[in-house]
Amino acid sequence: MIRRLNYTGRVKIPRSRISISLLNDKQGKYFHAKLDFGGLNLSPDAKIYIEPNYKGVYQRFYFGTVAQFKEPDNTFLNELPETELAYFDVSVVDESGTVGLLLGSAKGIPVITDGTPNDRIPLLPVNPADLGNQFWKLSFDSGEEGRPILEINRNLPDPFEMARNDIKFISLVYPVAFRGVLVRLIQQRIEISLRTKMIYHMSTGFGGLWYLDPTLFVSQNFTLNGITKTIHLHTLDELKREFNRSQETFIKYHKNRYPNQDADAWKILEVASMGTLSKLYKNINHHFLKNQQ
C-alpha cells in the first residue's frame with residue numbers, strides 16, 4: 001500500500017539549514033548530510049528522508065527522526081546515472097497517522113563533487129559527461145523542474161576550471177547556452193497553456209477519459225515499426241509508455257490504488273511529453289467537435 005501525504009501547512013526548510021557533500025571512492029559516489037531544524041517547530045518524532053536524484057532517477061534514504069538524526073551506513077548513489085552532479089530533496093514526514101503528513105521540505109538542492117558549497121552553485125551548473133566527440137551540450141534534468149545543466153566532455157582537462165576561468169569558453173559557450181535556456185522557458189509556457197486548455201475543454205465536454213474515445217479523433221492509419229493502426233492508437237501507446245515511466249508521486253499513487261484502471265486525462269497528459277501532446281492535439285477531429293457545439 002502506498003502512503004498518502006497531506007501537504008497542507010508544510011514548512012519550507014531554508015537551504016542554509018542543509019549541508020550535503022557528494023564524494024567519490026573506489027565503490028562509487030556517496031554523500032554526507034547535516035541538517036539543522038532548530039527553531040522550525042517540527043515534531044521530534046517526525047521522520048527524515050533524503051532523496052538524491054538526477055534526470056528523473058531517484059533514490060531514497062532514511063535519516064532517522066528530527067530528535068535522533070542518524071545517517072545510514074550506506075549512502076551510495078548506485079541507482080543514479082553516472083554524474084558529478086546530483087539534486088537532493090529533503091522531506092520531514094509525520095507518519096503517526098493513516099495518512100502521512102509532510103511537515104517540512106526542501107527540493108532540488110544541487111550538489112557537485114568538486115566541493116562547491118550548495119548555496120554557491122550557479123543557475124547553470126556544470127557536469128562532466130561522456131559526450132563522445134562533442135565538446136559541450138546543454139541538457140535539462142528530466143525531473144519535474146526540468147533544471148538546465150551545462151554538460152562538458154569529461155575527457156577534456158579539468159572541465160570545472162574551464163567553465164569558471166577560460167575566457168574563450170565563457171565568451172563562446174555561455175551566450176549560446178543561456179539562449180537555449182531562454183528558448184526552453186518560452187516553450188514551457190506554450191506547453192503549459194496547451195496542456196491546461198486541452199485537458200479542461202475536452203474533459204468538460206467529453207469526460208475524464210476522452211483521450212481514449214476514437215470518435216473524437218481523425219481515423220487515419222499509420223505504419224510504425226511494421227505495425228499499422230490509427231494515429232490515435234499509436235499516440236495512446238506513447239502516452240501509456242510515458243505514464244508508466246513517470247516517477248511522479250501522484251502517478252505512483254494511481255498505479256498502486258487503481259492498478260487496472262485507465263487514468264483520467266489530467267493525470268496522463270500531465271506527464272506526457274510535448275511531442276506526444278502535440279500529436280494528440282493534431283489528431284483531434286476538430287470538424288466533429290465544431291458540429292457538437
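Visitor: How many aromatic pairs does the count come to here?
Guide: Keep in mind that we're looking at a predicted model. Rings of Phe, Tyr and Trp pair up if their centres lie within 6.5 Å. By this rule, the count comes to 12.

Visitor: Take Phe-63 and Phe-69: what kind of aromatic pair do they form?
Guide: Their centres are 5.5 Å apart, and the angle between the planes is 35°. Under 30 degrees would be stacked and over 60 edge-to-face, with the rest in between. So 35° makes this pair tilted.

Visitor: Is Phe-63 buried or exposed?
Guide: Buried means a relative accessible area under 20%. Its partner Phe-69 is partly exposed, at 33%. Phe-63 has a value of 0%, so Phe-63 is buried.

Visitor: Which residues do ring pairs link into a cluster with Phe-63?
Guide: We've already met one of them, Phe-69, as the tilted partner of Phe-63. Ring pairs bring in others too, and the cluster joins Phe-63 with Phe-31, Phe-61, Phe-69 and Phe-88.

Visitor: Which strand gives the most to the largest nonpolar core?
Guide: That core has 42 residues, and Phe-31, Phe-88 and Leu-150 have the most contacts inside it. Six of the core's residues come from a strand spanning residues 85-94. The top giver is strand 8.

Visitor: Which ring does the charged end of Arg-60 sit over?
Guide: For a charge to sit over a ring, CZ of Arg has to be within 6 Å of the ring centre, and within 35 degrees of the ring normal. The charged end of Arg-60 is 3.9 Å from the centre of its ring. That ring belongs to Tyr-49.

Conventions:
Residues numbered from 1 in each chain as written. Predicted model: local features only at pLDDT ≥ 70, side-chain atom pairs only at ≥ 80, totals over all residues. Heavy atoms only, no water. Phe/Tyr/Trp six-rings, centres within 6.5 Å; stacked < 30°, edge-to-face > 60°. Buried < 20%, exposed > 50% of the residue type's maximum accessible area, 1.4 Å probe, protein only. Core = buried A, V, L, I, M, F, W, Y, C linked by side-chain atoms within 4.5 Å. Helix = DSSP H or I, 4+ residues; strand = E, 2+ residues; numbered from the N terminus.
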